[in-house]
Amino acid sequence: MVVYCTACMNNTRKNKNISYFNYPKEYNRRQEWLKAVGREDLLPKLIDDKTRQQYRICEVHFEKSFIKFSKKRTVKYLFDNALPTLNLPTYDGACSSSSLCENVSIQENQNIKFIPTTEISSSPNNTIDKIIKLEDQSYYSIQMDDIQTCGSRSAQTELQLSADSPRKRKLSPEFREAKKDKQYDLDSVTEDDFFKLCDKFLTKGMTQIIKWQKDLRGYDENRYSRHFKYFALNLHYSGPAAYRFFTNTFSLPSLVTLQKLVKPIGTKLDERLLCALKMKVDKMGTQEKICSVCVDCMPLKANLCYDVRNDRIIGFHEINGIQKKEPAKYVVVMMIRGIIHDWKQPIAHSFVSQCKKHTELNDWIDEIITSLLNIGLDIRVLISDLGSDFLRISKSRSVIRDKTYFEVDGHKIYYMFDVPHLLKCVRNKLKTCNFIFDNKVAKWSHIRELYNEDKKRQIRLAPKLTDTHIKPYNFQKMPVKVVKEVLSRTVASAINSYVDLNLIEVAARDTADFLNKISNLFDLFNSSTLQSPNKYKRAFRGDNYQIEFLEEMLTFFKNLKLIRSDGQKDVTNIMNFIHGFQVSIKSLLKLHEDLKSQKNKFILTRRLNRDCLENFFGKVRQAGGNRKKPTCRQVSNVFNKEFIMNILKKPQSINCDQDFELLLMKSEACCIFNAPLQVSQADDVIAPGLMIGTNDYRFDLPEKNVIVYVSVYLYRKCQEHHKCEKIKVYGNKSEQPINMTKDSFFNHYKAFIEDSIRSSFLTIPPANFIAFVDLLERKFCEYFNLETNIVNIGNDIFKRVQDCTFDMPCECFPLDYLKKLYIRFRIYNTIKRHNKLLKIKNYNNKIFRVSGL
């Protein structure tokens, strides 16, 4: 906060090196200070300590003898007798009318000479110092010799002298007329009148903001309406400066609220998320919208988990929000990535039980791509690996060497296979097969001989080669870095050097030529900079040497043959990586032609692979403790986090300053005030899970008398939840169940009953209460035997048992609480039992079933 001096123009912004002191607490001393600086008008305002903090006086008005320092000489203080005496304002010509009349005696035609106003400015008489105005509106000059000095210290012009100035005489009639015409009764002004005035004097966008502010509800997470949240999200995309500006003026949602708005629920890319994506895409430039879609899968550990907040079971086979009662063993993730601009965004994921669901996956991919095209993205490439499902998907789209594209709603999309994955296929097949090309033979044995010879030397020609490269195990086979270090120009040069030294057979030169070709092809598909000493690592511009090399590699893979190392069997026809390289090379050439026609001169080919998805899978494995197979819940948590983090990033092509001016000056034409899609009102409220306020239902069940065991637990929880005397009387009069004594009953429960409630827990519930629990059990089992979509499972079962009741002890008995607690308990118990069965070998293919207690 800036502090000003009441006696001069000093302030803490302009003069930071001086101190500013408060006025004294004592009334007399404070009056002396104000009189000394000529600010007696502040005396009525300095009534307490709070107001005294607002008015201060700087140290330039005090003598040095009045100022003292602290021990460390960092803070200045004033002595009790301090008084401002220096650099005070002077008022030589400010005299009040009363003092003027007291000190000046005006006598007509004697001591005062009349001077017309036209002669005042040209009068040579230097003794004329004052012109005063008398009651008859005539002007007279007064010599200063006849006037005594005024003693007034007023800092402002007296009201008697300024009340009848020409400016005020001119404005008085207009003010009186305006006051008569604009006479409003504030109590009679309604909201409609206020909003009419807003529509008249404010822009359309600002009026809408005021209406949203008026409709705020409470202070919880449902305070803001859905459209207002979308406005805030759109404003956030415009830049942090605009959002901070409006945050200081209006009540806007926090970033946590915006994160909840765009948080995915399940595997369906619903309208709510598409709305948020469209708002971001609308702010992108034309080139930034050009992107690719990457698809990949990862194996999972079969495991079920109940999401309490969203009331759904995670871990079933689920594609596009539709679940089946089969445990999921794979996850398929889709992510979009910019081709011209470097950005990425996870879009959707699905859990599948088998790798034979290519038809469902194909329809799901088409639906996602159609939705992305509808919101304005320019999708040019679909990238996948050589998995069996994706090979079937490419064949179903008629992707061949001469036709490497397919169409979705008339939009041409090229199909490409992940080149790093193809490179790993080459390494794996080179270990078991001989590659025959141009009357040459490439063998893995030549690389192994090189390593065995090179590791003996102190100065190595291939220093990066280790046992991991030659004999990789499990996860050591996965990193592309390891594969690239084996199939590299460095290894090829080392082989040629050892051949020259007669340490390796001459036939190894064929392997060196093969490594050079594969290494150059990978570098061309992995460019990340415009300039590089290695010409194959430069951005793809369609230069002659780049096109000629790709055409040469097309011929190379067309004539390539693979023969088993242990025999003479030709396995070329079953090598899918050959088809993958041919399709990818053709797609790159055609894609460059299309982008070049839109004035895009180059392509950074590293953005045409699945590295973004590999990094995502790495984060998922780390979240599970670096597991090979994480669970579905771990995948969902990481996906939601990555989705929110990327979708809230500002588009790269936005000019913050220009958009900020647009928001302030042309808000009626700005798109941030309108939601891009019509969001249904039903989407505004997401059905919450069954909240019961406890989790002590997670206990093991006995082998016998399970229904009675659970009934006693439920009856005790109802007593804790609803303390009523009728319940105690009802429990004391109840009949003991058949074949159940209190001794045996207690033995079942003593493992988890606390000492403080052990005596009350021995109360056996009535027979009709146990029968009611048995009825709930049958309803629960019937639900899972039906062919239903398992979504909002808790609320759905609760609706089915809504009509179930029994002879309650009182009218206020917590029947709904009893039903919700039982449903939560049974869901937990069922999932726990099924997860134990999933650990059994060869049980993963069985359908989810529910057995009775």
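How many helices and strands are there in the protein?

1. Overall make-up. The model under discussion is a predicted one, and in it the protein has 32 helices alongside 20 strands. Of the 853 residues in the protein, 45% are buried, while the accessible surface comes to about 46,600 Å², with carbon and sulfur atoms contributing 49% of that surface.

2. Contacts along the sequence. If one takes the contacts in the protein between residues at least 6 apart in sequence, 70% of these join residues that are at least 24 apart.

3. Strands β13 and β14. Strand β13, which spans residues 330–338, runs antiparallel to β14, and eight bridges join the two. The connection from β13 to β14 is a hairpin made through five residues. As one example of the pairing, Y330 has V352 in β14 as its bridge partner. Strand β14 itself, covering residues 344–352, is mostly covered, since eight of its nine residues are buried. As general background to any reading of such a strand, the side chains of a regular strand alternate between the two faces of the sheet.

4. Helices α9 and α12. Two packed helices are described by the angle between their axes and by the distance between those axes. For helix α9 (residues 226–237) and helix α12 (residues 271–282), the axes come within 9 Å and cross at roughly 35 degrees, and the crossing of α9 and α12 is right-handed. On the α9 side the contact is made by R226, Y230, L233, N234 and Y237, and on the α12 side by R272, C275, A276, M279 and K280. By residue class, the contact of α9 with α12 divides into six nonpolar residues, one polar residue and three charged residues.

5. Residue N10. This residue lies in the segment before β1, the strand at 20–22. Is N10 to be counted as buried or exposed? N10 counts as buried because its relative accessibility is 17%, and the cut-off for that class is under 20%. Once its neighbours within four places in sequence are left aside, N10 is in contact with V3, Y4, C5, N15, I18, Y20, C58 and V60. One of these contacts, Y20, is 10 residues from N10 in sequence, and the two are 9.4 Å apart in space from C-alpha to C-alpha.

Technical notes
Residues numbered from 1 in each chain as written. Predicted model: local features only at pLDDT ≥ 70, side-chain atom pairs only at ≥ 80, totals over all residues. Heavy atoms only, no water. Buried < 20%, exposed > 50% of the residue type's maximum accessible area, 1.4 Å probe, protein only. Helix = DSSP H or I, 4+ residues; strand = E, 2+ residues; numbered from the N terminus. Pairing = 2+ DSSP bridges. Contact = heavy atoms within 4.5 Å. Areas by Shrake-Rupley, 256 points an atom, 1.4 Å probe, with all protein chains shown as cover. Axes fitted to C-alpha atoms, helices over the stretch in contact; angles between N-to-C directions. Left-handed = near helix turned anticlockwise from the far one by under 90°. Nonpolar A, V, L, I, M, F, W, Y, C, P; charged D, E, K, R; others polar.
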